[in-house]
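Here's a walk through one protein model, starting from its inside and working out to a few odd backbone spots. Have the structure open while you read.

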Amino acid sequence: MEDVEIFLSRLAAEDKLYAETAKKLGDADIKDRFTLAGAIAEKGSPASYKVYVSNEDIVNETVDEIKAVFTEAAEEDSEIKVEFIVDEFLNLIDDKARITADSKPRTLVHRDGELHPTVHIWMIKRRDGGIFVLLQKRAHEKDINPDCYDVSAAGHVSQGEEFRHTALKEVHEELGLDIDRSKLEFIGLKKAEYTKGDIHDNELVAVYICREHIEIEDLTLQSSEVSEVCWAEIDELLSVMKYEDIPNCISLEELDMIKKAVF
C-alpha cells in the first residue's frame, strides 16, 4: 500500500491548502473539511497517509482543521493509517534558477533530488599578503559529511525566506555573530550535488564573503552543527587538500571565486 504524501504549509492560505490536499487525493471537489472527510471515506481503506506539516511556530487554523479530519478518519477506521510529520519546508528552484512559490518538506526534497536554495558564507581576512578563510568542522552528528572541514557557515533557505536573510541567520546560529547585511558581499551562484544512500542533495548555492574582523575566541559555536573552527590561508589549504588526506567538503570552485573577488 503506497503512502499518500500531503504537504501542509503553515504559511499557505486556506484555498491553497485544500487545493494541495485535493490534488494528492485525486478529488477536485475537496474545498473544505466536509468535502475532505467525504473524499477520505470514499477512497476507503486500507489507506496510508503521511501528512507533512511545516515547522513554523505560527497558528494556521486550516492546517489544524485538515489534521483533525485525518485524525477523525483514522479513529473511525483502524485500516486508515495517518502519520503527521513536522519538517522544514523548502521552496524549489525553477529551470531559470529562480526561487518559486512551490515548497516541499526538506526530507523529501533530499530524497527526490529537487533543486533548492542554500547559502554559503565565507569569513575572510587578508594578512601577510595571503587570503585566510575561516573553516568550520562539521559536527559528528551531521547526516551529510560529518567531521569534515567546510565553509564558515551554511544553510538551507526555508520557505518564504531569501538568500541574504538566511545568510545572516546562519552566521548568527552557527558562529554566534551578528553582522550587518551590508557586510555580506555576494560573489556568485553555483550548483552543488551530493548523493549518499537515500540522500540526493541538489542545491543552488548563493555564495557570500564577509570581511568583518573576528577572533575565534569570541565566537559561540552551535554544537549541533559545528565542532570547531580554524583559519586557513587559501593557497596552503589548496596544497593540503591536494597532497594530504584531510576530511573536507570544501568547494574548489568557491575558493577560486573568493580569490577572484578579493584580488
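Let's begin with the core. The largest nonpolar core has 22 residues, and L8, L25, L36, I40, Y49 and F70 are those with the most contacts inside it. By nonpolar core I mean a set of buried Ala, Val, Leu, Ile, Met, Phe, Trp, Tyr and Cys residues joined through side-chain atoms within 4.5 Å. Buried is under 20% relative accessible area, exposed is over 50%, and partly exposed is in between (1.4 Å probe, protein chains only). Strand 1 (4–8), helix 1 (14–25), helix 2 (33–43), strand 2 (47–54) and helix 3 (61–76) are the elements that give two or more residues to this core. Helix 3 gives the most, with five residues. Helices (H or I, at least four residues) and strands (E, at least two) are DSSP runs, numbered from the N terminus.

A word on provenance: this is a predicted model, where local features need pLDDT of at least 70 and side-chain atom pairs count only at pLDDT 80 or more, while totals for chains, interfaces and linings use all residues. Residues are numbered from 1 along each chain as its sequence is written, and side-chain values use heavy atoms, with hydrogens and water left out.

Zoom in on L25. Leaving aside its neighbours within four places in sequence, L25 is in contact (heavy atoms within 4.5 Å) with V4, I6, I30, L36, A39, I40, Y49 and F70. In soluble globular proteins, nonpolar side chains tend to be buried together.

T62 also sits in helix 3. T62 counts as buried because its relative accessibility is 11%. Skipping neighbours within four places in sequence, T62 is in contact with E14, L17 and Y18.

Now the sheet. Three strands form an open sheet in the order 1-2-3, with parallel pairing. Two strands pair if DSSP finds at least two bridges between them. The edges are strand 1 and strand 3 (80–87), each pairing on one side only. From one strand to the next, the twist averages 20 degrees. Strand 2 is joined to strand 3 by eight bridges, and V53 has V86 as its bridge partner in strand 3. Helix 3 lies across strand 1, strand 2 and strand 3, running at about 150 degrees to strand 3. For angles like these, axes are lines fitted to C-alpha atoms (for helices, over the stretch in contact), and the angles run from 0 to 180 degrees between N-to-C directions.

Further along the chain there's an antiparallel pair: four bridges join strand 6 (115–127) to strand 9 (153–156). I121 stands opposite A153 in strand 9. Both faces of strand 9 are covered, with A153 and G155 buried on one side and A154 and H156 buried on the other.

Which residues of helix 7 are buried? In this helix (residues 252–262), they are E254, L255, M257, I258 and V262. They lie on the same side of helix 7 because they cover an arc of only 155 degrees around the axis, the arc being that of the directions from the helix axis to the C-beta atoms. The face turned away from the buried side carries the exposed residues L252 and K260. What covers the buried residues includes strand 6, strand 7 (130–138), strand 10 (184–196), strand 11 (199–210) and helix 6 (234–243). At the N-terminal end, S251 caps helix 7, with a side-chain oxygen 3.3 Å from the backbone nitrogen of E253; a polar contact is a pair of N or O atoms within 3.5 Å.

Two aspartates deserve a look, as each has a positive phi without being a glycine.

| Residue | Phi | Loop | Relative accessible area |
|---|---|---|---|
| D128 | about 55 degrees | between strand 6 and strand 7 | 77% (exposed) |
| D147 | about 60 degrees | between strand 7 and strand 8 (149–150) | 28% (partly exposed) |

There's also a cis peptide bond, from S45 to P46, with omega near 0 degrees. P46 is in the loop between helix 2 and strand 2. Most residues other than glycine have a negative phi, and most peptide bonds are trans.

Finally, the overall picture. The protein chain has seven helices and 12 strands, and its C-alpha trace spans about 75 × 35 × 35 Å along its principal axes. Buried residues make up 47% of the 263 residues.

Conventions:
Polar contact = N/O pair within 3.5 Å; in protein donor to acceptor, adjacent residues only side chain to side chain.
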